[in-house]
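Please load the model in your viewer and keep the sequence panel beside it. The stops below can be selected one after another.

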Amino acid sequence: MNNKRNEHNYCVILAGGQGTRFWPVSRLGKPKQFLDFFGMGRTLLQQTFDRMARFIDKENVYVVTQKEYVDLVHEQLPVLSEEQVLPEPMRRNTAPAALWATLHIRLRDKAARVVFVPADQLITNEQLFQEDILKTLDFVGENHVPVALGVTPNKPETSYGYIQKSEEQLDEFFKVQSFTEKPELNFAQFFVECGEFCWNTGIFLWSTQAIYNGLSGHIQALLNMADENKLREAPTQEKIAFLGQLYTMLPNLTLDSAVLEKTERVYVKECQFGWADVGNWDSFYHLSPKDDNENVVPNSNVVSYGARRNAIMVPEGKTVIVEGLDDFVVIDDDNLLVICPRGKAPEWRKYVNDAQMNLGEDFL
């Protein structure tokens, strides 16, 4: 493959989440994307940047995050200029963040093709990942339609979204037939068996022109408010202030639902690059190295008596003695100790909400 960099290729890393499903290690002051969960010496955000900067110019990589985390982004990615870190004017969902970043990039380059990647994913085959991204950037640059990246499912997973391919296709890209978010187990089993579905990675690509072809329904009225030529010449702070006003009027949707459910023509490319969403403590368990008793205990020692298949996260250097515990999550961080069955990890948000209501902000 020709690995020559294309100056019109851009990346936007979505790094504004609160990471509540990894509470209490992930806190409001430093959510999961800024943490080194797997002891690799690089945080999830840094690993994502490293992966993308291998084949997209560093100057073309942007990070969208909450204004409270701007300093953290610059601390972890000092190579980024001030203009490459876009602080969201308010806490919204991923669709406003992606559309907002697209407008920023369009002011710089009308021919831009953009890939949006969450900051909290693991990729096992980075060469295949690079090839698929570059091929898809070329496709969206030529066809001006959004593309979702999917991966072939290897088990009936109920915590992922599924994209159904239609028979209509352009080259390796299939028109999306339907999208199902987090199905029940029996549906997930059918989706895997029938071969028409792939997991939704949450990675999307489009050209800046595509916001006028299909996505314009969300933002056309807002775009009409802007004299794009004048705005392009405006000082940076003036652009940010104006686009910040537009941001508040964008729909509060996830990027998945905005693209897959509300766009008339969207395509999917089914990939094989090896993908995992670091979504909750149960997925952390499955993605982590394990000891002889199938326990995950990073950075610490465990003395185990018949304890198996647990995820135990405690401060570095602490020794844990546990007996008879099976399939549990044990998290000890600062002023909180949480113990619960590992299968309850997808319901973790209720613990965070109850802690906020009953204990106060100090526990968030």
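Is E172 buried, partly exposed or exposed, going by its relative accessible area? E172 is partly exposed, because its relative accessible area is 32%, where buried means under 20%, exposed over 50% and partly exposed in between, with a 1.4 Å probe and protein chains only.

Before going further, note that this is a predicted model, in which local features need pLDDT of at least 70 and side-chain atom pairs count only at pLDDT 80 or more, while totals for chains, interfaces and linings use all residues. Residues are numbered from 1 along each chain as its sequence is written, and side-chain values use heavy atoms, with hydrogens and water left out.

Colour the chain by pLDDT, the predictor's confidence in each residue from 0 to 100; the mean for the chain is 84, and 90% of its residues reach 70 or more. Among the elements of the chain, strand β1 (residues 9–14) has the highest mean pLDDT, 96, and helix α6 (residues 216–223) the lowest, 56; helices (H or I, at least four residues) and strands (E, at least two) are DSSP runs numbered from the N terminus.

Return to E172 and add K135: the two form a salt bridge, with their closest N and O atoms 3.1 Å apart, the term requiring a side-chain nitrogen of Lys or Arg within 4 Å of a carboxyl oxygen of Asp or Glu. This pair links distant parts of the chain, since E172 sits in the loop between β7 (161–170) and β8 (173–181) and K135 in helix α4, 37 residues apart. K135 is partly exposed as well, at 31% relative accessible area.

Next, select E126 and R54, whose side chains meet in a salt bridge of 2.4 Å, N to O. E126 lies in helix α4 (residues 126–143) and R54 in the loop between α1 (44–53) and β2 (61–66), so the pair ties together parts that are 72 residues apart in sequence.

Now move to R309 and D326, where the side chains meet in a salt bridge at 2.7 Å, N to O. R309 belongs to the loop between β12 and β13 (311–313) and D326 to the loop between β14 (319–323) and β15 (328–333), so parts 17 residues apart in sequence are tied together. Extend the selection to D282, D327 and R342, which salt bridges with shared partners join with R309 and D326 into one network. The structure holds 17 salt bridges.

Finish with V303, found in strand β12 (residues 301–305) and partly exposed at 33% relative accessible area.
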